[in-house]
Amino acid sequence: MSGLRVERVVTSGVFALDGGTWDVDNNVWLVGDDDEVVIIDAAHDERAIIKAVGDRNVLAVVCTHAHNDHVTVAPHLSRELQAPVLLHPGDRELWEMTHPGQAFEHASDGQRLDVAGTALEVIHTPGHSPGSVCLHLPEAGVLFTGDTLFSGGPGATGRSFSDFPTIIGSLRDRLFTLPEETRVHTGHGDGTTIGAEAPHLAEWIARGH
């Protein structure tokens, strides 16, 4: 794990679903070292992401889910950087809304993505969308949650393809079993830890989505 680092690139654009649009800032995460890197999410600005990558070899562009703001430039990055796009097949219908006919490789629960002498582990966490995944970097004590978990609560479930009881189950059974000190890097905004969020699960259930 020598030389491993996590970098954040913030990009801005529009999230669109169910006929509505919202201006959003997205976190794009780069996990790797001086030689190779995995990109987590492909939001809005291809140039900013490529600039952050530099001359490193990109092993994969992993999308935590297929809402348009997380996959905006995924096919473009794939072609430019000669790296596969990985997405859980549960989000194929959402993907087709933004990139009809464009191929992606399947990310699957338990899959390990080797990078910089360690591995990211894929955790399927449906709820915000059917194919939402989180990426766990156990050796570094880091979890990339996309829009499944934020500081202060779960991701939104009030729109199409989402379900509140499902996301609660994902948090309870898949994420809140991780060590409390695990640092959470989210898809938008500031991070948190598993220990800071897990005690509030009952409150979130009580308030609903």
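Which strands does helix 1 lie across, and at what angle does helix 1 run to strand 1? In this predicted model, helix 1 (residues 46-53) lies across strand 1, strand 2 (20-32), strand 3 (36-40) and strand 4. The angle between helix 1 and strand 1 is about 170 degrees.

These four strands belong to an open sheet of six strands. The order is 1-2-3-4-5-6, and the pairing is mixed. Strand 1 (5-17) and strand 6 (105-106) stand at the edges. Each edge strand has a single partner, so one side of each is left without a neighbour in the sheet. Strand 4 (residues 57-62) and strand 5 (residues 85-87) pair in the parallel sense, over two bridges. V62 has L86 in strand 5 as its bridge partner.

The largest nonpolar core has 27 residues. Those with the most contacts inside this core are I39, V58, V61, A74, L77, V85 and W95. Strand 1, strand 2, strand 3, strand 4 and strand 5 each give two or more residues to the core. So do helix 1, helix 3 (74-81) and helix 4 (92-98). Such clustering fits a broader pattern. In soluble globular proteins, nonpolar side chains tend to be buried together.

The surroundings of I39 illustrate this core. Leaving aside neighbours within four places in sequence, I39 is in contact with V28, W29, L30, I49, V53, V58, A60, V61, V62 and L81. Another core, of 19 residues, lies apart from the largest one. Among its residues are W29, V38, A107 and F144.

Two residues stand out by their backbone angles. Most residues other than glycine have a negative phi. D41 is not a glycine, yet its phi is positive, at about 75 degrees. D41 lies in the loop between strand 3 and helix 1. With a relative accessibility of 1%, D41 counts as buried. F161, also a residue other than glycine, has a positive phi near 70 degrees. The loop between strand 12 and helix 5 holds F161. At 29% relative accessibility, F161 counts as partly exposed.

S162 lies in the loop between strand 12 (153-154) and helix 5 (164-175). Its relative accessible area is 18%, so S162 is buried; the cut-off for burial is under 20%. The side chain of S162 reaches the backbone oxygen of R159 at 2.5 Å. Beyond its neighbours within four places in sequence, S162 is in contact with G127, H128, A156 and T157.

Helix 5 follows this loop. At 1.5 Å a residue, its twelve residues should span 16 Å. The end C-alpha atoms of helix 5 are 15 Å apart, which agrees. The buried residues of helix 5 are F164, I167, I168, G169, S170, L171 and L175.

L175 also appears among the contacts of T145. T145 is found in strand 10 (residues 142-146). T145 is buried, with a relative accessible area of 0%. Leaving aside neighbours within four places in sequence, T145 is in contact with V133, C134, L175, V184, H185 and T186.

Conventions: Residues numbered from 1 in each chain as written. Predicted model: local features only at pLDDT ≥ 70, side-chain atom pairs only at ≥ 80, totals over all residues. Heavy atoms only, no water. Buried < 20%, exposed > 50% of the residue type's maximum accessible area, 1.4 Å probe, protein only. Polar contact = N/O pair within 3.5 Å; in protein donor to acceptor, adjacent residues only side chain to side chain. Contact = heavy atoms within 4.5 Å. Pairing = 2+ DSSP bridges. Axes fitted to C-alpha atoms, helices over the stretch in contact; angles between N-to-C directions. Expected span 1.5 Å × (residues − 1). Core = buried A, V, L, I, M, F, W, Y, C linked by side-chain atoms within 4.5 Å.
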